[in-house]
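Hi,

Here is the structure I promised to pass on. Have a look at it first, and then read my notes below.

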Amino acid sequence: MKLAEIKILDNGPLVASGVTLVDGEGKQLETKDQVYLCRCGLSGNKPFCDGSHKGKFESNVRA
């Protein structure tokens with residue numbers, strides 16, 4: 001059993017490790033051990049982050 005972890009980066013993406021990504025049709029997306037997921041909606045490679053957020057997205061999440 002793998003342990004999943006998702007980190008929320010300030011002004012940036014979600015960093016997910018130990019996860020399996022599945023699309024809306026149930027097909028598994030090919031990923032690496034750690035993936036960067038778009039949180040701003042500006043990426044041209046969704047669901048993955050391509051850095052488009054830089055200077056255009058602000059969010060500092062705290063527990």
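Let's start with the contacts. If you take the contacts in the protein with a separation of 6 or more, 25% of them are between residues 24 or more positions apart. Do keep in mind that this is a predicted model.

Now the overall picture. The protein has three strands and zero helices, so reading from the N terminus you simply get β-β-β. Along its principal axes, the C-alpha trace spans about 35 × 30 × 20 Å. Of the 63 residues, 21% are buried. The protein exposes about 4,900 Å², and carbon and sulfur atoms supply 49% of that.

Next, the sheet. The three strands form an open sheet in the order E1-E2-E3, and the pairing is antiparallel. Strand E1 (5–8) and strand E3 (34–37) are at the edges with a single partner strand each, so each of them has one side without a neighbour in the sheet. From one strand to the next, the twist averages 20°. You can follow the pairing of E1 with strand E2 (residues 14–17) over four bridges, in the antiparallel sense. To find your place there, look for Ile6, which stands opposite Ala16 in E2.

Ala16 also turns up in the core. Which residues make up the largest nonpolar core? There are five in all: Ala16, Leu21, Val35, Leu37 and Phe48. As background, nonpolar side chains in soluble globular proteins tend to be buried together. Phe48 is a good residue to click on: leaving aside its neighbours within four places in sequence, Phe48 is in contact with Leu21, Leu29, Glu30, Thr31, Val35, Tyr36, Leu37, Cys38 and Ser43.

One of those contacts of Phe48 is Cys38, which brings me to the cysteines. How many disulfides does a search of the whole structure find? It finds zero. For Cys38, the nearest cysteine sulfur is that of Cys40, 3.9 Å away. A disulfide needs the two sulfur atoms within 2.5 Å, so this pair does not count as one. Cys40 is likewise in no disulfide, with the sulfur of Cys38 as its nearest. The two also fall on either side of the 20% cut-off for buried: Cys38 counts as buried because its relative accessibility is 19%, while Cys40, at 23%, counts as partly exposed.

Then there are two backbone details to check. Most residues other than glycine have a negative phi, and most peptide bonds are trans. Asn11 is not a glycine, yet has a positive phi of about 55°. You will find Asn11 in the loop between E1 and E2, and at 30% relative accessibility this residue counts as partly exposed. The other detail is a cis peptide bond, which joins Lys46 and Pro47 with an omega of about 10°. Pro47 is in the segment after E3.

Last, have a look at His53. Is His53 buried or exposed? With 10% relative accessibility, His53 counts as buried. This residue is in the segment after E3. Not counting residues up to four places away in sequence, His53 touches Asn11, Gly12, Pro13, Cys40 and Leu42. You have met two of these already: Asn11, with the positive phi, and Cys40, with its sulfur 3.9 Å from that of Cys38.

Cheers

Conventions
Residues are numbered from 1 along each chain as its sequence is written. This is a predicted model: local features need pLDDT of at least 70, side-chain atom pairs count only at pLDDT 80 or more; totals for chains, interfaces and linings use all residues. Side-chain values use heavy atoms; hydrogens and water are left out. Two strands pair if DSSP finds at least two bridges between them. Helices (H or I, at least four residues) and strands (E, at least two) are DSSP runs, numbered from the N terminus. Axes are lines fitted to C-alpha atoms, for helices over the stretch in contact, and angles run from 0 to 180 degrees between N-to-C directions. A nonpolar core is a set of buried Ala, Val, Leu, Ile, Met, Phe, Trp, Tyr and Cys residues joined through side-chain atoms within 4.5 Å. Buried means under 20% relative accessible area, exposed over 50%, partly exposed in between (1.4 Å probe, protein chains only). Contact means heavy atoms within 4.5 Å. Accessible areas come from the Shrake-Rupley method with a 1.4 Å probe; for residues, only the protein chains shown count as cover.
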